[in-house]
Amino acid sequence: KNKRIAIVFEGRDAAGKTGIINVIKRHLMPKHINYINIGIPNQTKSKYWFDTFRKEMPKKGEITFFDRSWYSRATVEITMGYCKKKQYTSFMNRVNAWEEDLLKDGIELKKIYLSITKDEQNSRFQARRDDPLKYWKLTEHDLSMASKWDIYSFFKEQMFNRTSTKVHPWVVINSDNKMIARLNAMRYVLSSFDYTGKKVLKDKKWSREIAEYDI
């Protein structure tokens with residue numbers, strides 16, 4: 001249908017962002033999808049923050065998955081001191097209008113936040129530490145972020161309060177159970193767009209609140 005779809009996945013370390021993206025895109029045509037994770041931005045990307053992500057937006061007929069996104073500035077960067085307070089304030093003041101411009105340009109944006117408890121995060125960190133195939137996934141940055149749990153929580157709530165709009169709401173999915181989180185994320189994505197053969201689930205209502213369902 002030549003749609004331009006951008007799906008943002010945010011959440012704490014070990015919340016399952018990459019795993020959920022992999023599940024959703026597993027049966028899609030590779031030439032029509034993009035996976036974006038810019039990692040630690042260099043000085044240029046950090047300075048021209050919105051331009052950095054604007055360049056990664058999907059073309060017609062594409063879906064782009066953001067494994068962390070421009071919202072890193074509203075959570076990770078400000079929590080860890082990777083950006084200046086002035087940069088954070090500028091971002092928060094501009095992001096809603098910027099996303100409205102994306103919509104005017106034909107980009108359909110969905111924002112998903114994966115919520116995880118501190119105990120579950122610790123459990124997943126330990127599992128990574130003990131696994132010879134995954135130990136490399138646990139970094140000093142992850143541990144440092146975890147030690148700032150309450151600070152991150154404060155900025156996360158600020159992000160929800162300021163940037164969850166009627167046009168582009170945040171949908172929060174409980175991800176303590178990986179399988180249920182993956183199914184709920186896929187269900188939300190499928191419910192958000194029209195397509196041939198779609199069956200509407202009238203008994204489910206998605207909102208800013210935590211979406212936790214028995215599947």
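This report describes strand 1 of a predicted model, its two neighbouring partner strands, and two residues with positive phi.

## Basis of the values

The model is predicted, so that local features need pLDDT of at least 70 and side-chain atom pairs count only at pLDDT 80 or more, whereas totals for chains, interfaces and linings use all residues. Residues are numbered from 1 along each chain as its sequence is written, and side-chain values use heavy atoms, with hydrogens and water left out.

## Strand 1 and its surroundings

Helices (H or I, at least four residues) and strands (E, at least two) are DSSP runs numbered from the N terminus. Buried means under 20% relative accessible area, exposed over 50%, and partly exposed in between, with a 1.4 Å probe and protein chains only. Because eight of the eight residues of strand 1 (residues 4–11) are buried, this strand is largely enclosed by the rest of the structure.

In a regular strand the side chains alternate between the two faces of the sheet. In strand 1 both faces are covered, with R4, A6, V8 and E10 buried on one side and I5, I7, F9 and G11 buried on the other.

## Pairing

Two strands pair if DSSP finds at least two bridges between them. Strand 1 runs parallel to strand 3 (residues 62–67), to which six bridges join it, and V8 has F66 as its bridge partner there. Strand 1 also runs parallel to strand 4 (residues 107–115), with eight bridges, and E108 in strand 4 is the bridge partner of I5.

## Positive phi values

Most residues other than glycine have a negative phi. N2, in the segment before strand 1, has a positive phi of about 60° and is exposed, with a relative accessible area of 55%. R68, in the loop between strand 3 and helix 4 (76–80), has a positive phi near 70°, but R68 is buried, with a relative accessible area of 16%.
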